[in-house]
Amino acid sequence: MLPGVLVLSTACADAPPESTIDPAPDPLGEPDSEVAPARYVSHYLFAGVDGSGLFASFEQTTDDGSLARVYDAWWSGPEGWTELVSLRDTLPVPRAAWRVLPAAGMDVRVGDAREVVGFGFRAPGGGIEVHAADEAAVWTGPTGQRESVSPASLDAGGESVGGILFFRRAARALQFTGNPGSSRGFLLADSAGNALLIETDEEDGTAVARTWLHGSVEQWSVVTLEADSTAVGTPPRRWHFEIPEAALSGTIRAIASPASNSVPAFRVECDLVADGDLFRFAGLSAPLPLP
C-alpha cells in the first residue's frame, strides 16, 4: 500500500435512495414537466489520514419555478479552517433539480453516470482538489437517504493526502411537513486502510456505525454513544462509544474547535479497541441535517 492511501473494499449493492421525489436522470436542459416544490440536501465529508478534513453542505429548494441554492464548504488544513464556498442564489430549475451544480469558486466533476466524483475549489493561497475513487460501499440510510463512502484524495498547495469521502443525499417534498431531526456524523481514518463512520440522532441519542478494520467491512445498528457532560450551552468535546456485538469500544475527542460560529464542523481523533487491537484515527465531525 502506498503511504497515505486509504483502501476500502466491500461487496455492497448500489441501493437507490427512497424519497418523496422522483429525480430525472439528466441534469441539463429544461425540466420535462413542472417540478414539484421540494428540498434536496447533499453532504460531503472528507477525512484525511493526516487529520485534515473537508465539509461541504449543498441545499437546493425548488418552488415557483426557481431553484434556491444554499452552498457552504470549508477545508481544515495546517492553518485551521478556511471557507471555500458561501453561496446563496436563485436559478431557473434545471432538469435534475437534485444535482449539485458548479458555482463561483467551485467546479463539480462528474463520472460517466453523472455521479459526482470530485470537486475543485478556488481558495486563497491555491486551489483545493478532491478526487473520489469508485464507491466502496453504498446503502440507504434509516430515513431513506442515499449514503456512500469512497477512497479519496485531497490536493492542496501541491501536497496530496489520502483519506475517505462520505456522501449523503436526502430529499423531501415541501408538502410534507414535520421536524427533520438533528443528526451528526463522525468520520475517521488511519493510514493503514482502516476507517470508522458513526451517525447519531442528537435528539433521541440513537446511533449506527460502519467499520473497516483489517479489510473487514461491517455495519452495526446497535451502538451506544454518550457525550461527556458539559456546562449548559457548551458543546461536548468527548464521546464514548461501544458496539457490544463486536466487542468494540472507543473514545472520540475534539482536538480543535471551529474557527468561528459559522463553521459547524470540527476535527476529532479517536482511540478504538477491537479484540485487543488498538486503532488510532483522525477525522472530523459535522452536522448532517435532513431536509
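A salt bridge, as the term is used in these legends, is a side-chain nitrogen of Lys or Arg within 4 Å of a carboxyl oxygen of Asp or Glu. The views that follow all show a predicted model.

**View 1. Arg39 and Glu59 form a salt bridge between strands S1 and S2.** The side chains of Arg39 and Glu59 meet with N and O 3.4 Å apart. Because Arg39 belongs to strand S1 (residues 38-48) and Glu59 to strand S2 (residues 53-63), the pair ties together parts that lie 20 residues apart in sequence. Arg39 is partly exposed, with a relative accessible area of 22%, and Glu59 is likewise partly exposed, at 29%. This contact is one of the salt bridges in the structure, where a search of the whole finds twelve.

**View 2. Arg69 and Asp89 form a salt bridge between strands S3 and S4.** The closest N and O atoms of Asp89 and Arg69 are 2.7 Å apart. Since Asp89 lies in strand S4 (residues 80-92) and Arg69 in strand S3 (residues 66-77), the pair ties together parts that are 20 residues apart in sequence. Asp89 is partly exposed, with a relative accessible area of 22%, whereas Arg69 is buried, with a value of 5%.

**View 3. Arg88 and Asp72 also link strands S4 and S3.** In this salt bridge the side chains of Arg88 and Asp72 meet at 2.9 Å, N to O. Arg88 lies in strand S4 and Asp72 in strand S3, so that the contact ties together parts that are 16 residues apart in sequence. Arg88 counts as exposed, at 51% relative accessibility, while Asp72 counts as buried, at 12%.

**View 4. Arg253, Glu269, Asp271 and Arg280 are linked in a network.** The links among these four residues are salt bridges.

**View 5. Strand S13 pairs with both S12 and S14.** Six of the seven residues of strand S13 (residues 207-213) are buried, so the strand is largely enclosed by the rest of the structure. Strand S12 (residues 195-201) runs antiparallel to S13 and is joined to it by six bridges, while strand S14 (residues 216-220) pairs with S13 in the antiparallel sense over five bridges. Thr211 of S13 is the bridge partner of Leu196, and the bridge partner of Thr211 in S14 is Glu218.

**View 6. Two hairpins contain residues with a positive phi.** The hairpin of S12 and S13 has five residues between its strands, and Gly205 there takes a positive phi near 80°. In the hairpin of S13 and S14, which has two residues between the strands, His214 takes a positive phi near 55°.

Note on methods:
Residues numbered from 1 in each chain as written. Predicted model: local features only at pLDDT ≥ 70, side-chain atom pairs only at ≥ 80, totals over all residues. Heavy atoms only, no water. Buried < 20%, exposed > 50% of the residue type's maximum accessible area, 1.4 Å probe, protein only. Helix = DSSP H or I, 4+ residues; strand = E, 2+ residues; numbered from the N terminus. Pairing = 2+ DSSP bridges.
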